[in-house]
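Please open the structure in your viewer and keep the selection tool at hand. The tour below goes from one selection to the next and says what can be found at each stop.

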There are 2 protein chains.
Amino acid sequence: MDNDVKVKLEQFKELVRKIRSYYEAVALLHWDLRTGAPRKGAEVRSETIGMLDTEMFKLQISDEMGGYLEYLSNPNVADQLDDIDRRIILDCQKEYERNKKIPAKKFQEYSVLTAHAQTLWEDAKENSDFEGFEPYLSKIVDMKQEFIEYWGVKGTRYDTLIDMYEPDMTVEKLDQVFSKLRGRLVPLLEAIKASRNQPDNEFLNQIFEKEQQEKFGLFILEQMGYDFEAGRQDESVHPFATGLNPGDVRITTHYLLDDVTSALFSSLHEGGHALYEQNIDANLAGTPLAEGTSMGIHESQSRLWENMIGRSRSFWERYYSDLQQHFGPQLQDVKMEDFYRAVNRVENSLIRIEADELTYNLHIIIRYEIEKMIFNEGLSVKDLPQVWNAKYEEYLGIAPPNDGLGVLQDVHWSGGDFGYFASYSLGNMYAAQIINTMRKELPQFEQYIANGELLPIKEWLTDKIYRYGKSRTPSELILAITGEDLNPDYLADYLEEKYKEIYKF
Amino acid sequence: MDNDVKVKLEQFKELVRKIRSYYEAVALLHWDLRTGAPRKGAEVRSETIGMLDTEMFKLQISDEMGGYLEYLSNPNVADQLDDIDRRIILDCQKEYERNKKIPAKKFQEYSVLTAHAQTLWEDAKENSDFEGFEPYLSKIVDMKQEFIEYWGVKGTRYDTLIDMYEPDMTVEKLDQVFSKLRGRLVPLLEAIKASRNQPDNEFLNQIFEKEQQEKFGLFILEQMGYDFEAGRQDESVHPFATGLNPGDVRITTHYLLDDVTSALFSSLHEGGHALYEQNIDANLAGTPLAEGTSMGIHESQSRLWENMIGRSRSFWERYYSDLQQHFGPQLQDVKMEDFYRAVNRVENSLIRIEADELTYNLHIIIRYEIEKMIFNEGLSVKDLPQVWNAKYEEYLGIAPPNDGLGVLQDVHWSGGDFGYFASYSLGNMYAAQIINTMRKELPQFEQYIANGELLPIKEWLTDKIYRYGKSRTPSELILAITGEDLNPDYLADYLEEKYKEIYKF
């Protein structure tokens, strides 16, 4: 490598590390705001987040960055770099080009607004107060619309947002995939409803002490290989995972006293995200590649651990007796098989994060369609509750009694995350496709789970996915692992097989 | 005000707010590291702190800042400003001039080093491993010595450090004050030791459940008017208070199971610091004046609440029965009077933060003398344990069995805080002098405490001290409140009166 290239590359990496420092600070400021920061400090805190976020933004689009990128992407120079460095440069270039046209003032305004709106949303949800929250949400949508103009429209306006979370995914492709998926799920759902073998879940209607729920959740996280020396679990209104640095990947959960599995499945879900980030290769630390490659792949890991492992029969064969022990007499009379069937009961319900694996995808399709209406068809924020309720009626035959259980249930929009929801169903589809390969390469897969040996599974996933971080694209990963592109049939096959057995049809 | 002045002043304040945002982020990154951040992330975290701390530093000494300061301190312009704005400018000027000569790289190195050393110190203390920690401490002292050169020596080298925490205080003045104080405390200590009425404190040798300790501590914090909507209490190895923003002033405590009052007095101490910062006038928010005016005045508030209120007879007349109730039968047979005497037992002991109000000052004088030896007489860090142990033998007649209970007991040096310790005794002296005035202006002082009406006391202190933040200097404050300069006799008088009564001589 030429000496000049070496020097420039080192300077560029120093700038990249600086950006990561801002990233860590902003992530911690957010984490803290969600996990127990005092209320009276929240407004100043939003300003602080906005300021630091903007400084980070400014570095990403700085002339200094522009200069390095121009120099380092010159073919004569790029040829001297290794693959990882070239990927880092590509990633920085994407951010640079996308954001350069957004005025820093605008970005700061947006960052303060969304940090603040997330706090306001917590109250709005609790009080089912859509009207009070609507001005903030409208403002966020307006700013997002402006940003789309700045970023530049590829395909439709909504495509621009989708691309933020799932590179190379398009509305056209999603429309196809979702239509295919829906085409297989709706008849399956009908068969399930028609079945005379409905699982009973009434025994779940008890109060389960929080302390024991917490203990059991921590035990399961340990079993799956979550590293508590490199993370911690806290409580928040809406569970999330956040990677501050490679040695500090935190998760949160949320306890419902009358539901013994809600917090547990949240822990498994966020734990799956965290396993991904805790196991990224050490040589990517301090670079923008030390993240999940897309939100779809990220969600594939959370949904895989939550559902394909956590809601499997093998899992409960091993762990049900532990669960029973945590709650004294409360579940003594419930058989493992009945418990397994209960946590897999399919139900048309209101709350996405409480939904079963099948209808979950319908919750996502509803959000996807609504977001598309907002950005491609001009649907007004004021009309959201009405559209939301109508879609729930249409897709799930059930209408929310209030907006807290309806349009206000998710944190995403308050943080400006339009375009994110599709990632969950993409995650389900990726996960089923990945598991299909894993079963072939790790034939003891079910046995491992039934023995409580979850680490070989974690290692296989590390080898195939986690270690690469963002250094491979989602499509590259899926192709390399499974030998084909995204294919929704694997999810449909998996669900059919699972539910046919449970519902006996 | 001229329009040009108005515009420049607004730009200057925008820069000042930006600096406060960095301050909040750095404070949170530190707080988190001390209260539960995962170990494996600590090293990257130290780098992150160093980076952001350095960005803040760069803004404080930037040409932009220099330009505003030059413009705004021009007499024609300064005449148009109000008193608060002039104080903000003065404060920024002091930082600017002091730090301008320090290379940013040096500062960053120092900041990373001290953030990291605080984590290493926790282990070193636990394992009594001075040898392992010595290289870090030596490096910190070396850098501090370099910084003194940059800052410029006023009086002696150690004066330069003292001035950081107590503006206008000098080694000469402290030598006098400490000598006078020691002259009165040593005979008092002898009289106490000679007394035949030694309080019994054996009943304190029990295990007191942490959960109840925590509950009682939170109750007392509430009583003193600590605002939990603008703060929270957590656990850390070494208790501390930190003001992230005016609506977010946090404290920590540390539980000892075999000591029912250790964590409680820490809560009162840190709660005193927090009351100060929670009650600074709202119009100072977002400026460098939204802090305590000096560490001496800050410690006067912690020590006042911890000792002059928390260790007073009136306090326990009101709260002792509550304490008893928190611990079931454990203290049922102990009379209030005996408990009061026990928590005021004077003892030559090893640990500063566990010391009684009298010998506490000897712990401080030891540290003050050692720091003076390091910076004015070239004492080597390697020799610290030996000098430490010899001084404890000389002043307190007791030698530490290991360095964890000796020279490694305090966090301060690991964070580079040389020159801080004097603040604690200054705090004791200021507090006694302030209380002397308070008793005259609030004649019901004792009665208020005995009734559990602590809020009028908090309000008096807010009126006289808290609301001003850093907009008055320590000397201005003390003179305005008490009509005279710092006078160690008030502390000696207070201690004499208190202990004569307890020890009956």
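What follows is a walk through a predicted model, beginning with the two chains and ending in two loops.

**The two chains together**

Begin by colouring chain A and chain B separately, and look for the axis that relates them: a rotation of 180° with 0.0 Å of shift along its axis superposes chain B on chain A, with an RMSD of 0.0 Å. That is the relation of a two-fold axis. To find where chain B comes nearest to this axis, select B:Ala25, whose C-alpha lies 3.2 Å from it. The same surface serves both copies, since 100% of the contact residues of chain B recur in chain A.

**The side of chain B that touches chain A**

Next, display the contact itself, in which 27 residues of chain B meet 27 residues of chain A. On the chain B side, helix H1 (3-35), helix H2 (42-60) and strand E2 (241-245) each supply at least two residues, and H1(B) gives the most, with seven residues. If you colour this side of chain B by class, you will find ten nonpolar, seven polar and ten charged residues.

**A:Ala25 and the core**

Now select A:Ala25 together with B:Ala25, because of the 253 residues in the largest nonpolar core these two touch the most other members. In soluble globular proteins, nonpolar side chains tend to be buried together. Which residues is A:Ala25 in contact with, leaving aside its neighbours within four places in sequence? They are A:Leu52 in its own chain, and B:Ala25, B:Leu29, B:Thr48 and B:Leu52 in chain B.

**A covered helix in chain A**

Move to helix H8 (residues 157-165) of chain A, which is mostly covered, with eight of its nine residues buried. Among the buried residues of H8(A) are A:Arg157, A:Asp159 and A:Asp163, as well as A:Leu161, A:Ile162 and A:Tyr165. To see what covers the buried residues of H8(A), show the surrounding helices of chain A, including helix H7 (130-151), helix H9 (171-194), helix H12 (295-309), helix H15 (360-377) and helix H17 (422-441).

**The three-stranded sheet of chain A**

Select the open sheet of three strands in chain A, where the order is E1-E3-E2 and the pairing is mixed. Strand E1 (233-235) and strand E2 (241-245) of chain A are the edge strands, each pairing on one side only, and the twist averages 30° from one strand to the next. E2(A) and strand E3 (residues 248-253) of chain A pair in the antiparallel sense over four bridges, and they form a hairpin with two residues between them. Within this pair, A:Gly243 stands opposite A:Val249 in E3(A). Is E2(A) enclosed or exposed? Five of the five residues of E2(A) are buried, so this strand is largely enclosed by the rest of the structure. Add helix H11 (residues 262-278) of chain A to the view, which lies across E1, E2 and E3 of chain A and runs at about 165° to E3(A).

**Two loop residues in chain B**

The last stops concern backbone angles. Most residues other than glycine have a negative phi, and most peptide bonds are trans. Select B:Ser128, in the loop between helix H6 (104-126) and helix H7 (130-151) of chain B, where phi is near 50°, a positive value. With 19 C-beta neighbours inside 10 Å, B:Ser128 counts as partly exposed. Finish at B:Asp168, in the loop between helix H8 (157-165) and helix H9 (171-194) of chain B, where phi is positive as well, near 75°. B:Asp168 is exposed, with 11 other C-beta atoms within 10 Å.

Note on methods:
Residues are numbered from 1 along each chain as its sequence is written. Chains are lettered from A and ligands numbered from 1 in the order in which they are written. This is a predicted model: local features need pLDDT of at least 70, side-chain atom pairs count only at pLDDT 80 or more; totals for chains, interfaces and linings use all residues. Copies are superposed by least squares on the C-alpha atoms of residues with pLDDT of at least 70 in both. Two residues are in contact if their C-beta atoms, placed from the backbone, lie within 7 Å. Ala, Val, Leu, Ile, Met, Phe, Trp, Tyr, Cys and Pro count as nonpolar, Asp, Glu, Lys and Arg as charged, and the others, Gly among them, as polar. A nonpolar core is a set of buried Ala, Val, Leu, Ile, Met, Phe, Trp, Tyr and Cys residues joined through C-beta atoms within 7 Å. A residue is buried if 20 or more other C-beta atoms lie within 10 Å of its own, exposed if 12 or fewer, and partly exposed in between; C-beta atoms are placed from the backbone. Two strands pair if DSSP finds at least two bridges between them. Axes are lines fitted to C-alpha atoms, for helices over the stretch in contact, and angles run from 0 to 180 degrees between N-to-C directions.
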